[in-house]
Amino acid sequence: MKVILADYSGFCFGVKKAMDMVYDEIKEKGMEKELYSLGPLIHNQQVVEELENKGVKVEDDIEKIQKGSVIIRSHGVQKDVYSLAGEKSLDIVDATCPFVRRIQNIVENYHKDKYEIVIIGNPNHPEVIGINGWCNNQAFIIQEEEDVKKIPYSEKLCIVVQTTMSTPHFQKIAKLLEEKGNKIEIFNTICNATKERQDAARKLAKEVQAMIVVGGYHSSNTQKLVDICKEERPSTTYHVESVHELQDEWLIDIDVVGVTAGASTPQWIIDELLQKLNRI
Ligand code: SF4
């Protein structure tokens with residue numbers, strides 16, 4: 001069986017940067033200082049467990065952290081988390097991805113300038129919750145085309161999009177939103193890493209008989225890759241979190257299989273999967 005890895009897969013720039021910052025912090029401070037990650041650093045259970053073994057505790061609520069360092073993950077956080085950390089004299093290891101930081105800055109500036117803010121994205125995703133915190137939690141958050149009707153007409157409207165959204169979906173919603181304001185500023189804030197991975201996954205899915213997508217079950221960008229591959233290969237796309245879930249029967253009569261991985265999937269998990277597939 002031939003195994004082909006997508007041209008772009010695995011850790012993106014933002015996640016790699018976050019991981020490097022955390023490992024540097026562990027190296028520098030060791031176990032001397034308490035180190036917390038505000039939510040799991042990345043949506044990958046294996047990585048979270050490895051970091052826990054090195055002393056990085058996961059805590060969702062900054063109110064519960066009394067001392068030490070707090071890692072802000074690549075998704076970013078609400079603005080008030082920084083002031084809370086300051087009040088508690090916590091050190092901040094800020095691994096907010098620069099692409100997310102750009103959205104936070106846009107939202108903060110346009111909110112100050114009296115624009116209504118629309119975030120196209122998943123209202124429950126930490127990145128979106130964080131962005132909303134830069135405009136006093138007053139953004140309209142919409143995910144689907146039908147949600148556009150909930151947006152009232154505004155004199156000034158600023159539209160941003162979650163970094164992991166698919167471009168065609170964003171474009172459809174943004175087009176509908178053009179009716180919702182007089183002065184409208186639309187920012188395509190989808191990050192390249194996402195698009196590259198999505199385009200490469202679609203291209204590969206067209207060329208192979210089956211696709212294996214490896215990445216955390218809670219990883220939004222991995223889930224998007226699964227959806228895209230399913231559009232091309234509805235009955236032979238499989239999502240696994242690690243090599244252990246791979247089932248041999250999926251590959252019966254398959255001559256060419258494609259592999260892609262979410263932006264939060266470490267290289268060693270991809271390598272283990274490739275090794276097993278190459279043995280089949
Ligand atoms: S997917 Fe894009 S925005 Fe998100 S962490 Fe990676 S590089 Fe940054």
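The exchange below concerns the cavities of this structure and two serines.

User: What kind of model is this, and how are its residues numbered?

Analyst: This is a predicted model, in which local features need pLDDT of at least 70 and side-chain atom pairs count only at pLDDT 80 or more, while totals for chains, interfaces and linings use all residues. Residues are numbered from 1 along each chain as its sequence is written, and side-chain values use heavy atoms, with hydrogens and water left out.

User: Why is S219 called buried or exposed?

Analyst: Buried means under 20% relative accessible area, exposed over 50%, and partly exposed in between, with a 1.4 Å probe and protein chains only. S219 has 2% relative accessibility and therefore counts as buried.

User: Why is S264 placed in its accessibility class?

Analyst: S264 has 4% relative accessibility, so S264 counts as buried.

User: Which residues is S219 in contact with, leaving aside its neighbours within four places in sequence?

Analyst: Contact means heavy atoms within 4.5 Å, and with those neighbours left aside S219 is in contact with H43 and S264.

User: What makes the residues of the lining of the second largest cavity nonpolar, polar or charged?

Analyst: Ala, Val, Leu, Ile, Met, Phe, Trp, Tyr, Cys and Pro count as nonpolar, Asp, Glu, Lys and Arg as charged, and the others, Gly among them, as polar. The second largest cavity is lined by S37, L41, V48, L51, V56 and V58, and its lining residues divide into five nonpolar, one polar and no charged.

Definitions and conventions
On a 1 Å grid over the protein atoms alone, a cavity is a set of points where a 1.4 Å probe fits but cannot get out, and a pocket is an open set with protein on both sides within 12 Å along at least five of seven lines; lining residues have an atom within 4 Å of a point.
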